[in-house]
Amino acid sequence: MSDEARPRRTAVVIPAAGRGVRLGPGAPKALRALNGTPMLIHAVRAMAASRAVSLVVVVAPPEGATEVKNLLDAHALPERTDYLVVPGGETRQESVRLGLDALPEGITTVLVHDAARPLVPVDTVDAVIEAVRDGAVAVVPALPVADTVKEVEPAGKPGDPEQVVATPPRARLRAVQTPQGFDRDTLVNAHATVALTGEGATDDAGMVEKLGAPVVVVPGHEEAFKVTRPLDLVLAEAVLARRRANDGF
Ligand code: C5P
């Protein structure tokens, strides 16, 4: 088959191996329920809602891989979507790499999506995939920031005053979300090249930037917010309640 005739298959890697410490005590974040359904299942369904996605790779907490596999078996996904579960690592960067290692041949576009962003609308997923298929090697959904952002010299102790270093012009700043979309070879190369330091990269597109490859931003969505703190759970349930009410009409 010539390159042009080859179908461009898209897979999503969902890092879901974090403990979710900022959410308070309890199960790993991805397994906490929103409206009775684990956050991870919402996130997997949000990806499988795109007709372009043929495979979802879930990177599970290492000790919870069997539980995650059972959960996915118990919740219906569209027939066109396959899924795999692999054990994750100590950092998000490691977890994503372990997910990439599990991709079969034939996948040319890879999305990376945080399990902690369970409510991203399918239009955002499709817009990211389309931008990659149109030739971008790295695509990030993002929103303008509401707050003015300051760069500081972090304090030695929590709560101590911090010295402001700079105030970047707000109009040039974007808050980035997921799913981020990539040409597979570019993302694999970034993960093979960028060394793991400290807590590792929290953003895959940032790793591609370090390679010197171009990264573009497309419009994100307010419902793609990350569930990090207890108040985010309240907001997520409110979004689901609004969707149910709208579906009723
Ligand atoms: O901690 P944070 O909210 O930035 O995590 C973003 C995503 O990365 C979450 O979906 C989390 O489950 C995942 N993660 C992971 N492996 C880790 C740490 C975080 O898959 N070791």
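Let's start with Gln177, a residue found in the loop between strand 10 (174-176) and strand 11 (180-183). Keep in mind that this is a predicted model.

**A loop with a twist**

Is Gln177 buried or exposed? With a relative accessible area of 7%, Gln177 is buried, because buried means under 20%. The side chain of Gln177 also has a partner: one of its polar atoms lies 2.9 Å from the backbone oxygen of His221.

Stay in this loop for a moment, since Pro179 lies between strand 10 and strand 11 too. What kind of peptide bond joins Thr178 and Pro179? The bond is cis, with an omega of about 10 degrees. To see what to compare that with, remember that most peptide bonds are trans.

**Two more loop residues**

Now look at Asn35, in the loop between strand 2 (33-34) and strand 3 (37-38). Asn35 has a positive phi of about 60 degrees, although it is not a glycine. As a general rule, most residues other than glycine have a negative phi. Asn35 is partly exposed, because its relative accessible area of 35% falls between the 20% and 50% cut-offs.

Further along the chain comes Lys226, in the loop between strand 12 (216-219) and helix 7 (230-247). Its relative accessibility is 31%, so Lys226 counts as partly exposed as well. Try finding Pro38 from here: Lys226 and Pro38 are 188 residues apart along the chain, and their C-alpha atoms are separated by 15 Å.

**Around the ligand**

Next, turn to the ligand, which sits in the largest pocket. Which of the 15 residues around the ligand come nearest? They are Pro15, Ala17, Gly18, Gly89 and Ser95. Sorted by class, the shell around the ligand holds 5 nonpolar, 4 polar and 6 charged residues.

Some polar atoms of the protein can be paired with atoms of the ligand, as the table shows.

| Residue | Protein atom | Ligand atom | Distance |
|---|---|---|---|
| Ala17 | backbone N or O | oxygen | 2.8 Å |
| Ser95 | polar side-chain atom | nitrogen | 2.7 Å |
| Ala115 | backbone N or O | oxygen | 3.2 Å |

How much of the ligand's accessible area does the protein cover? On its own, the ligand has 460 Å² of accessible area, and the protein covers 85% of it.

When you explore the structure yourself, you could begin with Ser95, whose side chain offers a polar atom 2.7 Å from a ligand nitrogen, and then go to Ala17, where a backbone N or O atom lies 2.8 Å from a ligand oxygen.

Notes: Residues numbered from 1 in each chain as written. Predicted model: local features only at pLDDT ≥ 70, side-chain atom pairs only at ≥ 80, totals over all residues. Heavy atoms only, no water. Near = heavy atom within 4 Å. Polar contact = N/O pair within 3.5 Å; in protein donor to acceptor, adjacent residues only side chain to side chain. Areas by Shrake-Rupley, 256 points an atom, 1.4 Å probe, with all protein chains shown as cover. 1 Å grid on protein atoms, 1.4 Å probe; cavity = no way out; pocket = protein on both sides within 12 Å on 5 of 7 lines; lining within 4 Å. Sits in = over half its atoms within 2 Å of the grid points. Nonpolar A, V, L, I, M, F, W, Y, C, P; charged D, E, K, R; others polar. Helix = DSSP H or I, 4+ residues; strand = E, 2+ residues; numbered from the N terminus. Buried < 20%, exposed > 50% of the residue type's maximum accessible area, 1.4 Å probe, protein only.
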